[in-house]
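Let's take a walk through this structure together. We will begin with the whole chain and then visit a few places on its surface and in its loops.

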Amino acid sequence: MLSMLISPEIKELIQNKQFLDLKEILIDWTPTDIADLILTLNEDERVLLFRLLPKELAADVFEYLNYDTQVELIHSMGHEKISELLNEMSPDDRTALFEEMPPNVVKQLLNYLSYEERKIAQQLLGYPENSIGRLMTPDYIAIKKNWTVQETLDYIRKYGQDKETLNILFVVDESGKLIDDIRIREILLASPDTKISELMDGNFVSLKVYDDQESAIEIFKKYDRVALPVTDSSGILVGIVTVDDVLDIAEEETTEDIQKIAAVQTFEEPYPQASIFQMIKKRAGWLSILFISEMFTATAMGYFENEISQAVVLALFVPLIISSGGNSGSQASTLIIRSLALNELSLKDWFFVFRREILTGLILGVILAVIGFLRISLWQFVSGVYGEHWFLIGMTVAIALIGVVCWGSLMGSMLPFILKKLGFDPASSSAPFVATLVDVTGIIIYFTVAHMILKGTLLN
């Protein structure tokens, strides 16, 4: 990026205290590039550079910084600078900052806001956590249906400068109820004397202020919008949500699901910023549960101790059998979890998945069974390591692989449905958890098949 390439030059300007030259350079940069640059500097340099920025640019840059850097800069500022910064920030980004802070700190920072901005901040913070209300901003353009295009354009020129987006205009009635939305291109292409009512089609999509934030992701994706209106229970327009905020939520949800699939509790901060204590705390719980679960595998092995003592060769293939079942289960679990998250599947599709995974598991099992049998045959012809009953051993491994892989696929695909039906997050049926469950059942399947095929030969 541009900021990364010039970073040594910027550092030199800072060290030489050439502040006027530095300020002239930064004014031409985008807020995102300046934010990237700030993150490459040490604490003193960050503070110095940030203080050089004009008020509006500083607020824009601040919104792109991570939480820790934001707090660091706030601590370095005087009361007047904090007040300027918080009042210039867009309401939705300011709410996101306040959400991360302790209540007593938020209470102090609210005092820096003007009466109007404090009223907006308290209103947004008053909505439930993870609701659409916490995401929205009141900075939008609302117009009336009896206005002409010329009146609308005049209104935009007068009041549109600080609005979140001008791509979509929202039509409201006298009571503030949302009745339509219109893309700006329709306004620009219409003649000046055209009434807004003539451009309306009454076809619009809106979010409810108390809806869960995740619901916005699907609506934005379905209708391909850059902004959506937010209404209260009476249909009154109270704010808008823009796509950049929804993308942040989508990223957070995806990260959370990926961490759950890996059997890790959700991290509230990026990996580099997490302390060792937090790493242990987030990982130890699931790891301990999985370890205890794996003890059942040892118990199952102990139950077949007699078979193992009679045919030690069977123990050689235990890792191969249980890992194949665990891998197939992890594959199925991951695919179903993602499909449920994307609404490609619903609970009513469980039987379709059930039939599909039985067939898929059988075919995958046969493929691995053929590979396993060929491997045993090759080793036997080369070294004779498996003795006179090598064929039966090969068949035992092959049939067990078919059963274990099919069972793993079935369990991995059904567990997300079961968890969702019970009201839990399907991502909790993590790949390691499915693999652990299949390990135990894989041992039982393997030695049951061995007892049936090898009885009277290697086994009594």
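The paragraphs below go from overall form to surface patches and then to two loop residues.

Please keep in mind that this is a predicted model. The chain is built from 22 helices and 6 strands. How far does the C-alpha trace reach along its principal axes? The spans are about 95 × 60 × 40 Å. The radius of gyration tells a similar kind of story: the chain has 31 Å, whereas a compact globule of 460 residues would have a value near 23 Å. As for the interior, buried residues account for 45% of the 460 residues in the chain.

Now turn to the surface, starting with charge. Glu 100, Glu 129, Asp 244, Asp 248, Glu 251 and Glu 252 together form a negative surface patch. Which helix gives this patch its largest share? That is helix 16, covering residues 243-261, which contributes 4 residues. Another member of the patch, Glu 100, sits in helix 8, which runs over residues 91-100. Is Glu 100 exposed or only partly exposed? Its relative accessibility is 49%, so Glu 100 counts as partly exposed; the exposed class requires over 50%.

A patch of another character is also worth finding on your display. Leu 359, Ile 363, Leu 364, Ile 367, Leu 368 and Ile 371 make a nonpolar surface patch of about 520 Å². To locate one of these residues, look for Ile 371 in helix 20, which spans residues 350-383. Ile 371 has a relative accessible area of 52%, and therefore it is classed as exposed, the cut-off being over 50%.

Finally, let's look at the backbone in two loops. Asn 130 is not a glycine, yet it has a positive phi of about 70°. You will find Asn 130 in the loop that links helix 10 (115-125) with helix 11 (132-135). With a relative accessibility of 44%, Asn 130 counts as partly exposed.

Where is Asp 224, the other residue to visit? Asp 224 lies between helix 15 (213-223) and strand 5 (227-231), in the loop there. Its phi is near 55°, again a positive value in a residue other than glycine. Asp 224 counts as exposed because its relative accessibility is 64%.

Terms used. Residues are numbered from 1 along each chain as its sequence is written. This is a predicted model: local features need pLDDT of at least 70, side-chain atom pairs count only at pLDDT 80 or more; totals for chains, interfaces and linings use all residues. Side-chain values use heavy atoms; hydrogens and water are left out. Patches are made of residues with over 30% relative accessible area and no salt bridge: like charges are joined within 9 Å, nonpolar side chains (Val, Leu, Ile, Met, Phe, Trp, Tyr) within 5 Å. Accessible areas come from the Shrake-Rupley method with a 1.4 Å probe; for residues, only the protein chains shown count as cover. A salt bridge is a side-chain nitrogen of Lys or Arg within 4 Å of a carboxyl oxygen of Asp or Glu. Lys and Arg count as positive and Asp and Glu as negative; His and the chain ends are not counted. The place of a charge is taken as NZ of Lys, CZ of Arg, CG of Asp or CD of Glu. Buried means under 20% relative accessible area, exposed over 50%, partly exposed in between (1.4 Å probe, protein chains only). The radius of gyration is taken over C-alpha atoms; the globule rule is 2.2 Å times the number of residues to the power 0.38.
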